[in-house]
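Below is a short report on the sheet of one protein chain and the helices around it. The sequence and structure come before the description.

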Amino acid sequence: MQAVRTYKASTTCSPLTRRHLPIFISSLPLFSKPQHNQFHLQKTFSAAILTKPQPHRQPKPTPYNSKFQTATMSTKGNAIPTASKLSDLFSLKGKVVVITGASGPRGMGIEAARGCAEMGASVAITYASRAEGAQKNVAELEKEYGIKAKAYKLNVADYAECEKLVKDVIADFGQIDAFIANAGATAKSGVLDGSKEEWDRVIETDLNGTAYCAKAVGPHFKERGRGSFVITSSISGHIANYPQEQTSYNVAKAGCIHMARSLANEWRDFARVNSVSPGYIDTGLSDFVDQKTQDLWKSMIPLGRNGDAKELKGAYVYLVSDASSYTTGADILIDGGYTVR
């Protein structure tokens, strides 16, 4: 029979050491042979008692280097603006802004373009089919604000066209400082009443088209180390509209809001990304809806009326200017209070 060596510990065990004993015992192997395990337990128990615990050493903190921190901030394109006056922060002189879906006479796209032009920006607007309307808007912008403007044909659902747009604008203007992804399509029915093709049309335009624009202009922003990408979303990305059924549109706009948040994180080193969520705005896109339904919409709006597209341009100017230098991942609701109820 193998002898077992024992140790007496009760007279030498300090309170601090006793507190640490369960840690040593709980970590012992469970599947050793009995006699070996008994000997190992007794010897380890004694070692735990006779060994003085070592104090935990905290690592020394890294000293703050203000010069290094400032240099890092400026290279990431998120530096604090040098301007202090509000007029300078909102100024867009010397900047180039692209606005998709700006061929209509009273839509959100053209009002965003007017706002940017008023603050001094050169603007590139796009159209899908209304070339005459786009050219008319270009002439108005150049005459009214004395800036450079040009229209480009674009199907946002075609990524190759989005890439071409970015290359053409850079060739014509030299750079892109901000991009407002505004082009969109409305839904005509719900899931059950609508066709697969109708679903695809809305998703490809409103959601995929926005992502394609971001993917096309993103490398340019990254190369320059700065940029602002603004997405036109909708209150429909926050709520399910009633009484009209438009699930595809709601899904696409909800995706646009989260796309802005996700890209704000992904592009944090070189660009800001935000979204604007308008409520019911008189742009002409909803003229096909019967008056009874439109009256019901208005009854749900605390301000009691639809918005005018010009009431949105201030938000677009803010988001593409240095006034919003600390704003990214935000969604600005402009809905007359609709979503508070």
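Strands β2 and β3 run parallel and are joined by 5 bridges; Tyr127 stands opposite Lys153 in β3. Strands (E, at least two residues) and helices (H or I, at least four) are DSSP runs numbered from the N terminus, and two strands pair if DSSP finds at least two bridges between them. The model is predicted, so local features need pLDDT of at least 70 and side-chain atom pairs count only at pLDDT 80 or more, while totals for chains, interfaces and linings use all residues. Residues are numbered from 1 along each chain as its sequence is written, and side-chain values use heavy atoms, with hydrogens and water left out.

The wider sheet is open and has 7 strands in the order β3-β2-β1-β4-β5-β6-β9, with parallel pairing. Its edge strands, β3 (149-153) and β9 (331-334), each pair on one side only. From one strand to the next the twist averages 15°.

Joined strand pairs are listed here.

| Strands | Bridges | Direction |
|---|---|---|
| β1 and β2 | 4 bridges | parallel |
| β2 and β3 | 5 bridges | parallel |
| β4 (178-181) and β5 (228-232) | 4 bridges | parallel |

In the pairing of β1 with β2, Val97 stands opposite Val123 in β2. The chain passes from β1 through helix α5 (residues 108-118) to β2 in a right-handed β-α-β crossover. Right-handed means that, with the strands pointing away from the viewer, the path from the first strand over the helix to the second runs clockwise. A right-handed β-α-β unit is also made by β2, helix α6 (residues 131-145) and β3.

Strand β2 is mostly covered, with 6 of its 6 residues buried (under 20% relative accessible area, 1.4 Å probe, protein chains only). Ser122, Ala124 and Thr126 point one way from β2, and Val123, Ile125 and Tyr127 point the other way. In a regular strand the side chains alternate between the two faces of the sheet.

Where β4 pairs with β5, Ile180 stands opposite Val230 in β5. Helix α11 (residues 313-320) packs on the sheet and touches β4, β5, β6 (272-278) and β9 (contact: heavy atoms within 4.5 Å). The direction of α11 makes about 175° with that of β6. Helix α7 (residues 159-173) lies across β1 (96-99), β2 (122-127), β3 and β4, and runs at about 160° to β3. Axes are lines fitted to C-alpha atoms, for helices over the stretch in contact, and angles between N-to-C directions run from 0 to 180 degrees.

Outside the strands, Pro243 is placed in the loop between β5 and α9 (247-266). The peptide bond from Tyr242 to Pro243 is cis, with omega near 10°.

How values were computed:
Buried means under 20% relative accessible area, exposed over 50%, partly exposed in between (1.4 Å probe, protein chains only).
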